[in-house]
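Here are some exercises to work through with the model open in your viewer. Try each task before you read its solution.

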Amino acid sequence: MKVMNNIIYSIYSPGCKQLDLNYDKIKSSHEEYAATVDAGYTCLHFDNIDYNDLQFKKLFLLYHMSQYANNVLYLDFDVIPTKNAKNIFDMNYELAMLPLIRHESYDFKTQIKNKNHRKYNTLNKATEIIFNTGVIAANDKAIQELDLKNIHSMFDGNNNEAFMTWVIESFNIQYQILPLSFNYIIDEKNATIPSGVHFVHYSNKEFSF
């Protein structure tokens, strides 16, 4: 029996100056959002861990969290819910992420993904997208089907987004497209946030609270 219906989690590892300085504000923003959508919240700390290992850790934790709740939302620690953010759990996602069309910065990720497609003779299933894993919404059934930790041993590469995309394509995992408003990625400096955005993904680490 699950302890709760909805749970939100994030992970934090010290070392990034902007994240360290804004730790309390970021965590508070996650906790406030969780309270408004009737969800539990936890931020897991990992010290002295390789960055790539940390990125895979967040994926493997999906299964752990699904043992406690029916619906799971993962937020990168640089993702901030806006004050008027809608309840993502009302969307009833089975598995939802933001797919990004390949461009220069994603080329190496598609190369890793397609290398595995060639290795396992599944290249016909490859697409030109890479899922951004900064925000992942899923229910317990979909997470069970992903079986990420066991499949990881098959993957030849150290990029978690290429891995997640390859898993979904190779094993025909059903997914929904997460609206950009729930993972609005800001890479450039001094960017303007449009109205109607629910989660701001500060890849530039220039936080605005």
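**Exercise 1. Place S153 and find its backbone partner.**

Start with the location: in this predicted model, S153 belongs to the loop between α6 (148–151) and α7. Next, decide on its burial. The relative accessible area of S153 is 67%, and the cut-off for exposed is over 50%, so S153 counts as exposed. Finally, look for a polar atom of the S153 side chain: the backbone oxygen of N150 lies 3.2 Å from it.

**Exercise 2. Describe the surroundings of N183.**

First, find N183 in the loop between β7 and β8. Is N183 buried or exposed? Its relative accessible area is 0%, which makes N183 buried. Then follow its side chain, which makes a polar contact of 2.9 Å with the side chain of N132. To complete the picture, list the neighbours, leaving aside residues up to four places away in sequence: N183 touches L98, N132, G134, V135, L178, F199 and H201.

**Exercise 3. Work out which way helix α2 faces.**

Begin with its length. The 14 residues of α2 reach 20 Å from the first C-alpha to the last, close to the 20 Å expected at 1.5 Å a residue.

Now sort the residues by burial. Which residues of α2 are buried? They are Y23, I26, S29, H30, Y33 and A34. Viewed down the axis of α2, these buried residues fall within an arc of 140°, so they line one face of the helix. A general point helps here: an α-helix has 3.6 residues a turn, so residues three or four places apart point the same way.

Turn to the other side. The face of α2 directed away from its buried side carries the exposed residues D24, K25, A35 and T36.

What do the buried residues of α2 pack against? Their partners are β1, α1 (17–21), β2 (40–45), β3, β4 and β9. To finish, step past the end of the helix: just after α2, D38 has a positive phi of about 55°.

**Exercise 4. Classify two aromatic pairs.**

A pair of aromatic rings is described by the distance of the centres and the angle of the planes. The whole structure holds 15 aromatic pairs.

Take Y12 and Y23 to begin with. Their ring centres are 4.8 Å apart with 55° between the planes, and the pair is tilted. Y12 sits in strand β1 (residues 4–12) and Y23 in helix α2 (residues 23–36), so this pair ties together parts that are eleven residues apart in sequence. Check the burial of each partner: Y12 is buried at 9% relative accessible area, and Y23 is buried as well at 16%.

Now compare F131 and Y175. The centres of their rings are 4.8 Å apart and their planes stand at 85°, so this pair is edge-to-face. The partners are 44 residues apart: F131 is in strand β6 (residues 129–139), while Y175 is in the loop between α7 (160–170) and β7 (176–177). F131 is buried, with 1% relative accessible area, whereas Y175 is partly exposed at 34%.

For a last step, display F56, F60, Y120, F155, F163, W166 and F171 together; they form one aromatic cluster.

**Exercise 5. Locate three salt bridges and judge their burial.**

Side chains of opposite charge can pair when their charged atoms come close. How many salt bridges does the count give? It comes to nine; three follow.

1. K58 and D76 form a salt bridge with an N to O distance of 3.0 Å. K58 is in helix α3 (residues 51–66) and D76 in the loop between β3 (69–75) and β4 (79–81), so the pair ties together parts 18 residues apart in sequence. K58 is buried at 1% relative accessible area, and D76 is buried at 12%.
2. K109 and E161 meet at 2.4 Å, N to O. With K109 in helix α4 (residues 107–119) and E161 in helix α7, this pair ties together parts 52 residues apart in sequence. Both K109 and E161 are buried.
3. K189 and E206 have their closest N and O atoms 3.4 Å apart. K189 lies in the loop between β8 (184–186) and β9 (199–202), and E206 in the segment after β9, so the pair ties together parts 17 residues apart in sequence. Here K189 is exposed at 60% relative accessible area, while E206 is partly exposed at 32%.

Terms used
Residues are numbered from 1 along each chain as its sequence is written. This is a predicted model: local features need pLDDT of at least 70, side-chain atom pairs count only at pLDDT 80 or more; totals for chains, interfaces and linings use all residues. Side-chain values use heavy atoms; hydrogens and water are left out. Rings of Phe, Tyr and Trp (its six-membered ring) pair if their centres lie within 6.5 Å; planes under 30 degrees apart count as stacked, over 60 as edge-to-face and the rest as tilted. Helices (H or I, at least four residues) and strands (E, at least two) are DSSP runs, numbered from the N terminus. Buried means under 20% relative accessible area, exposed over 50%, partly exposed in between (1.4 Å probe, protein chains only). A salt bridge is a side-chain nitrogen of Lys or Arg within 4 Å of a carboxyl oxygen of Asp or Glu. A polar contact is a pair of N or O atoms within 3.5 Å; within protein, one must be able to donate a hydrogen and the other to accept it, and residues adjacent in sequence count only if both atoms are side-chain atoms. The expected span of a helix is 1.5 Å times one less than its number of residues. The arc is that of the directions from the helix axis to the C-beta atoms. Contact means heavy atoms within 4.5 Å.
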